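I opened a new model today and wanted its overall build on paper before anything else. These are my notes.

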Amino acid sequence: MGKIEEANEEAVKKILEAKPVAIGVKKARDVIPGMTERMLLHAGPPIEWKQMSGPTRGAVIGAAIFEGWADKEEGAVKLAERGEIEFTPCHDHDAVGPMAGVISPSMSVYVVENQEHGNKAYCNLNEGLGKVLRYGAYSAEVIDKLKWMEEEMAPLLTEAFKRSGPIDLKEIISKALHMGDECHCRNVATSLIFLKTMIPHIIETGFDGEVISRVMKFMGDNVLTFLNLLMPACKAMLDAGHGIEYSTIVTTLTRNGTDFGIRVSGLPGQWFTAPAPTPETLFFPGFKKGDEGRDIGDSAIAETMGLGGFASANAPAVVQVVGGTPQDAANYSREMREITVAKHTSFTMPFMNFEGTPLGIDIRKVVETGILPFINTGVAHKEPGVGGVGFGLVRAPMDCFKKALKAFAEKYG
Amino acid sequence: MTVELLRKPKIINVGARNFHDSLKAQGADSVHVDWRPPAGGDREMVALLDKLKKI
C-alpha cells in the first residue's frame, strides 16, 4: 500500500472513531478559540467586506446591530468599510455556521466535544426559516428574535445540558438516517429525537413554565433545530482526520456566497477556492428565479461527512424539491461512491441495503472522474436584508479540487 | 449467432450519451456506459495524477 492510501486509511479511521457529544451552550466569546470583541466569524473560506455576498453583508449588519456596535444599517456598513470589524472563517476557529454563518461574541453556541480525540467544535443556535440573520435579514424582528434566544432559550438550554450530561450526537444521526432524514436539508427526525432527549432535563431546570413552553414551541416548530448540532458534530468528526501527512481526503466543503472553499487533510492551513455556483432552487412562495444568491454556508460539512446529498437515497423528499425521483436520489448516493474511499460504519442507508454512506472525498478521484460532490442546501436571497428564498441542489466547483491537487503534488510529489 | 445479432443489434454506447438516446428513441436495445476521459482530458491533471500514483 502506498503512502497516500495509508494516510487516507488513517484519516478515515479517525473520522469513524470520533464520538461527538453535545456538552453545553456557552457564549461564543467564552469558548471559541481566538474570538475577540470586534470579531465576526462567517461561513466559507476567508473573505473581506468588499467581496462579501448580499446575505453575508446582511448578516454582518444584523450582527453589528445585535452586538450594539451600531444602531442601524448605515453605522454597521461604515464600521465594516473602515475595517473596524475583523472577519474570519468559522472553520479557522473550530466553528461552523449555517448559511452566512455569522457568529458574534455575544451569541450563544452549542459546544460539541469529540470524546475519542478531545477536539471541540462550536455552532450558533438555529433561528428557524425565512427572515433570519443567517439568510441575510437584519430587520427589527430578526434582532428581537436573536435577543429573545439569548434571554430565554440559551439560559434554559445551558441549564438543561448541566443536567443531561453529554448527548450522543452520532447516535441521534444514525437513528434519524433510518427515519427519512439525510441530515442536511431534512433534519426532522434528528430534531425530534434531540428534543425528546432534552425534555426531561428542560423540565428539571425548574424554569418558569411559560418560558419552557415558548422555547419548546420554537424549537419544536423548527425542522432545522438539530442542524446546528449536526454541523459541529460533523466538524468534530472531520477535524479528527485533518492534518494527516500524505492524506488526499477532503475535510471541509464550504461556501461564503462568493467563493466555494475546500480544505484537505494533508494540506492543513490552506484553502482552495473557486467562484461559488448558483443552486438549482425550489422557491418559497413569493420568490422567483433570479432572486437566489450563490451557494452559501458551512452546512456542506454534512456532505463532507457523507450525509446530506451523499445520503440522498435516505430522503427522496429532498430530491423531489427539484422534480427528482426516488431513483434519482439513490443514484446521487451511488455516484458519490465513485469519489470517496470508504463507507460509513454507523451511518447507513436502508434503501441501499443498509450500505454505509459514502465517506472520505478524495481530491484525486474528483479530478480523475470529473464527478463533483453533490450538495443539498438552503438558498438565500442575493440581496442583503431579505432572507431565505428556498431549498436547492448544487455541485462543488472543479477548480477547488484541481488547485488542491496541484498544491498536493507540489508538497508531496 | 451472427445472423441473430444482425437481426436485433444489442448496443453498448460508450461516452457521448446522445447516441444512446437516439438509439433508444428508435426502439434499439442500447446500454449506455457513462465514460469520460480521465480528468476530462486535462493533460496537466493527468500528469499530476500519474505522479501521485507512484507515492
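The entries below go from the whole chain to its domains.

**Entry 1, status.** I am working with a predicted model. I keep that in mind for every value below.

**Entry 2, secondary structure.** I looked up the elements of chain A. The chain has 14 helices and 16 strands.

**Entry 3, overall size.** I asked whether the size fits a globule. Chain A has 413 residues, so a compact globule would have a radius of gyration near 22 Å. Chain A comes out at 20 Å, which agrees. I also took the extent of the C-alpha trace: about 60 × 50 × 40 Å along its principal axes.

**Entry 4, burial and contacts.** How much of chain A is buried? I found 63% of the 413 residues in that class, which takes under 20% relative accessible area. Next I checked the contacts in chain A with a separation of 6 or more. Of these, 73% come from residues 24 or more positions apart.

**Entry 5, surface and charge.** I noted an accessible surface of about 14400 Å² for chain A. Carbon and sulfur atoms hold 51% of that surface. Then I looked at charge. Chain A carries 43 positive and 52 negative charges. Their mean positions are 1 Å apart.

**Entry 6, domains.** Where are the domain bounds in chain A? I have domain 1 at 20-231 and domain 2 at 242-412. The contact between them takes 45 residues from domain 1 of chain A and 48 residues from domain 2 of chain A. I also wrote down the spacing of the two C-alpha centres, which is 21 Å.

How values were computed. Residues numbered from 1 in each chain as written. Chains lettered and ligands numbered in written order. Predicted model: local features only at pLDDT ≥ 70, side-chain atom pairs only at ≥ 80, totals over all residues. Heavy atoms only, no water. Helix = DSSP H or I, 4+ residues; strand = E, 2+ residues; numbered from the N terminus. Rg over C-alpha atoms; globule rule 2.2 N^0.38 Å. Buried < 20%, exposed > 50% of the residue type's maximum accessible area, 1.4 Å probe, protein only. Contact = heavy atoms within 4.5 Å. Areas by Shrake-Rupley, 256 points an atom, 1.4 Å probe, with all protein chains shown as cover. Lys, Arg positive; Asp, Glu negative; His and termini not counted. Charge placed at Lys NZ, Arg CZ, Asp CG, Glu CD. Domains from an automatic or database assignment.
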